[in-house]
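The two exercises below are worked through with the sequence and the model side by side. Try each task before reading its solution.

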Amino acid sequence: FCYIKHHKANYMFKRNIQGDEMYKYLTIKEKLLSDLTKMSPHTRLASRNAMCIKYAATRTTVDRAINELIEEGFVYSRVGSGTYVSDQNAGVKRISYWGVILPEMGNLVYPSMLEGIQEFVHRKNVNIVICNSDHDTCREFDHISRLIKSGIEGFIIVPCITSEMDYRVYRLMENNHIPFVFCNRLVDGIRAPFISSNSYYGGYLATEYLINRGAKKIAYISKKRYKSSIERYSGYSMALRASGFQLSDEAVLLNYNEQQEIRHLIMNYHPDAVFAFNDFVASEVYHVFTELHMQIGVDISLIGYDNSTVCELMPQKLTSVSYKASEIGYKAAEVLFDMIESGNYPKMDVIIFQPEIVERNSCR
């Protein structure tokens, strides 16, 4: 739990530093690049103080933009003399910027997805700007519209979970000819590539794994009732039926607010195994088992989902279903890059990764 709290704090910190200052910094960098195209090689740039006044920015923001332009070869510095325009014919490639829009920073899937995106883009002269919509469609619209004004070239988006979809933001990208890729969730009626994992099969796989290890009474527990949790429940129920087991309402918890509800299910149903919607839910189930003096992997089996770093931090390491988040992120970046390079969009690719079990010690 300390790890989860620390992990979430790190991403909230990133969210803060990549707010308005990030937009300001990107805007200034784009303006500087535009100004450089009108200047001859080896022309001296204005002083940093003059740039601060011209662009209405702090010295820190201007320094950051200039330092990156130096690293990227657009300008060079002479100690005690100033900063000068580089020879643009020297083969320097322009840096691209993409937006990555996530619905929440605390979700343990997204760090792996970001790792996959970064693994691809670091070789392609692409920087990413990470924004948190917090499942708020208005905030999502604000992030995307401001990034478009800053010259962003494309987006990888995990759409908000909401009952009322705001289509303005997608129409805005379409009208501005900005390519984008969906991960994890689709938006009905919007043409864009979709990269995800097969949650139905993952649910079936997890339940079948428990059955093959001798489980007779398997519970399914999810914190929120939405598309992914229903898909995993569907796989769970199909695996039970395929093995001749009866479904029981007492064995299923699709939407809980407190750990007491998990305790109530366990005390009333007495499962010999639990399939948790994700590793965070599994960690809460683990806590309840510990309070009830039940030993994971001995008295009862527990399997999570996502194969996050939490699995290795539990006292009894957690068996989990790999969501393939890193692979999804890498593929989304690859597809977006191809769209930008070819100018071929919107595309309607649908790429679904198949999950797999990662065995540890939490199942009997």
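**Exercise 1.** In this predicted model, determine which handedness the crossing of α8 and α9 has, and describe how the two helices pack.

*Solution.* Begin with the handedness: the crossing of α8 and α9 is right-handed. Next, list the residues that make the contact, which are S199, Y200, G203, Y204, T207, E208 and I211 on α8, and S228, E231, R232, S234, G235, Y236, M238, A239, L240 and A242 on α9. Sorted by class, this contact comprises eight nonpolar, six polar and three charged residues. Then turn to the geometry: helix α8 spans residues 199-212, helix α9 spans residues 227-242, and they pack at an angle of about 40° with their axes 7 Å apart. Angles under 35 degrees would count as roughly parallel and those from 65 to 115 as roughly perpendicular, and α8 and α9 are therefore oblique to each other.

**Exercise 2.** Locate S86 among the secondary-structure elements, decide whether S86 is buried or exposed, and find which backbone atoms lie by the polar atoms of its side chain.

*Solution.* First, S86 sits in the loop that runs between β2 (82-85) and β3 (96-102). Second, the relative accessibility of S86 is 10%, so S86 counts as buried, the cut-off being under 20%. Third, leaving aside residues up to four places away in sequence, S86 touches P41, G73, F74, V75 and Y76. Finally, two of these neighbours supply the backbone atoms sought: the backbone oxygen of G73 is 3.0 Å from a polar atom of the S86 side chain, and the backbone nitrogen of V75 is 3.3 Å from a polar atom of that side chain.

Methods
Residues are numbered from 1 along each chain as its sequence is written. This is a predicted model: local features need pLDDT of at least 70, side-chain atom pairs count only at pLDDT 80 or more; totals for chains, interfaces and linings use all residues. Side-chain values use heavy atoms; hydrogens and water are left out. Helices (H or I, at least four residues) and strands (E, at least two) are DSSP runs, numbered from the N terminus. Buried means under 20% relative accessible area, exposed over 50%, partly exposed in between (1.4 Å probe, protein chains only). A polar contact is a pair of N or O atoms within 3.5 Å; within protein, one must be able to donate a hydrogen and the other to accept it, and residues adjacent in sequence count only if both atoms are side-chain atoms. Contact means heavy atoms within 4.5 Å. Axes are lines fitted to C-alpha atoms, for helices over the stretch in contact, and angles run from 0 to 180 degrees between N-to-C directions. Angles under 35 degrees count as roughly parallel, over 145 as roughly antiparallel, 65 to 115 as roughly perpendicular and the rest as oblique. A crossing is left-handed if the near helix is turned anticlockwise from the far one by less than a right angle, and right-handed if clockwise. Ala, Val, Leu, Ile, Met, Phe, Trp, Tyr, Cys and Pro count as nonpolar, Asp, Glu, Lys and Arg as charged, and the others, Gly among them, as polar.
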